[in-house]
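Okay, hi everyone. I'd like to walk you through one model today, and I'll go straight to a spot that caught my eye.

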Amino acid sequence: MPELPECEAARRRIANGALHRTIEGFSLGEVSHVELPSKTERARLIGTQFTRTHRHGKYIFAGSNNGPWLHIHLGMAGSIRVTDAGDDLPDYVRFSVNFEGGNQLHFRDPRKFGLVRLIDSVEDFIAEKDLGPDALEIGDNAFAETIGKSRGAIKSALLSQKKLAGVGNLWADEALYQTGIDPERKGDTLTSDQVRELYKSVRSILQAVVDTDATYSKLPEDWLIHHRADGDDCTRCDGTITKKTVGGRTSYHCPGHQAGA
DNA sequence: TTTACTGTTAGGAC
DNA sequence: TGTCCTAACAGTAA
């Protein structure tokens, strides 16, 4: 379930279990329609070690000091696992890095929307993708410039990786719910106070989810994440959670306290 | 059997 | 030129 916090949890898993181990080879699962590094690219990594990781928005990177970076995107349903010698192979593994000693780094992806690729420069990659600042790094002024001035639905602005990298459907809904803003409200109709509240809300929500290692059950009971169902009671007022489509994405909100334009 | 889905992106509309 | 919106991607699970 990968948005920024899930990707950060995945990055940590790599940092904790897959660094400073010599890469011996690779294993491929059922990989039709999955973009993976070519045999030539894989050969560049054999004998090297990952020594560092990086994450920008929903994009994850593992690299050595001088060599190329392995870039992983989890898509809609991907995840990362690290296993020790003798552990069972997880389901839906598309690609594994095999380390000396039998440890493995696995890329799981049931729906095959993710990818693994080799890149030479993280900075160039971010520039080519035209990604906005990471949602946990952006400052309030930059947030107000891009999100606060967007002309379309505020939710669509939050979801745009070119404006702000890392926020996905669930946490966009959560931030709008907690700040009482209708997801269809146009960004440039928000007051500067509302934009500032939204900025603080996005950051505190993402940070809180990161702090739980993306374990939703540890999040407060009154968050929307636990009430994403049409007809549920709102936890903030006596309204009712309502489902509607905004910018082509399923959205849950409470018409009671999430004021429109 | 049908429907919906937490991400990304090409192509079209304005 | 820029910004926004929709549809499509593939597979699974309810």
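Ala-214 is buried, because 20 other C-beta atoms lie within 10 Å, and 20 or more is what it takes to be called buried. Find this alanine in the loop between α7 and β9. Before I go on, keep in mind that this is a predicted model.

So what's odd about the backbone here? Most residues other than glycine have a negative phi. Ala-214 isn't a glycine, yet its phi is positive, about 60°. Now look at Asp-213: here too phi is positive, about 60°, and again the residue is not a glycine. Asp-213 also belongs to the loop between α7 and β9 (242–246).

Is Asp-213 buried or partly exposed? With 13 other C-beta atoms within 10 Å, Asp-213 is partly exposed.

While we're on phi, there's a glycine to point out. Gly-180, just after α6, has a positive phi of about 70°.

Let's stay with α6 for a second. This helix is mostly covered, with nine of its eleven residues buried. Among the buried ones are Trp-171, Ala-175, Leu-176 and Tyr-177, but you'll also find Asp-173, Glu-174 and Gln-178 in that set. And what do the buried residues of α6 pack against? They pack against α5, α7 and β10 (249–253).

Okay, on to the core. The largest nonpolar core has 55 residues, and Ala-135, Leu-158, Val-167, Ala-175 and Val-202 have the most contacts inside it. Several elements give two or more residues to this core, including α1 (4–17), β6 (93–99), α6 (169–179) and α7 (192–211). Which element gives the largest share? That's α7, with seven residues. The core also draws on two domains, taking at least three residues from each of domain 1 (4–129) and domain 2 (140–253).

If you want one core residue to click on, try Val-167. Leaving out neighbours within four places in sequence, Val-167 is in contact with Glu-3, Leu-4, Ala-135, Leu-158, Leu-159, Ala-172 and Val-202.

Next, a helix pair. Two packed helices are described by the angle between their axes and the distance between the axes. For α1 and α7, the angle is about 35° and the axes are 9 Å apart. The crossing of α1 past α7 is right-handed. On the α1 side, Leu-4, Pro-5 and Glu-8 make the contact, and on the α7 side it's Leu-206, Val-209 and Val-210.

α1 has other company as well: this helix lies across β5 and β7, running at about 20° to β5.

That brings us to the sheet. Strands of a sheet pair through backbone hydrogen bonds, either parallel or antiparallel. Here, four strands make an open sheet in the order β1-β6-β7-β5, and the pairing is antiparallel. At the edges you have β1 (23–28) and β5 (79–83), each with a single partner strand, so one side of each has no neighbour in the sheet. On average, neighbouring strands are turned by 15° against each other, if you ignore direction.

In the middle of that order, how many bridges join β6 and β7? There are five, in the antiparallel sense. To see a facing pair yourself, zoom in on Ser-96, which stands opposite His-106 in β7.

Okay, that's my tour. Happy to take questions.

Methods:
Residues numbered from 1 in each chain as written. Chains lettered and ligands numbered in written order. Predicted model: local features only at pLDDT ≥ 70, side-chain atom pairs only at ≥ 80, totals over all residues. Core = buried A, V, L, I, M, F, W, Y, C linked by C-beta atoms within 7 Å. Buried ≥ 20, exposed ≤ 12 C-beta atoms within 10 Å, placed from the backbone. Domains from an automatic or database assignment. Contact = placed C-beta atoms within 7 Å. Pairing = 2+ DSSP bridges. Axes fitted to C-alpha atoms, helices over the stretch in contact; angles between N-to-C directions. Left-handed = near helix turned anticlockwise from the far one by under 90°.
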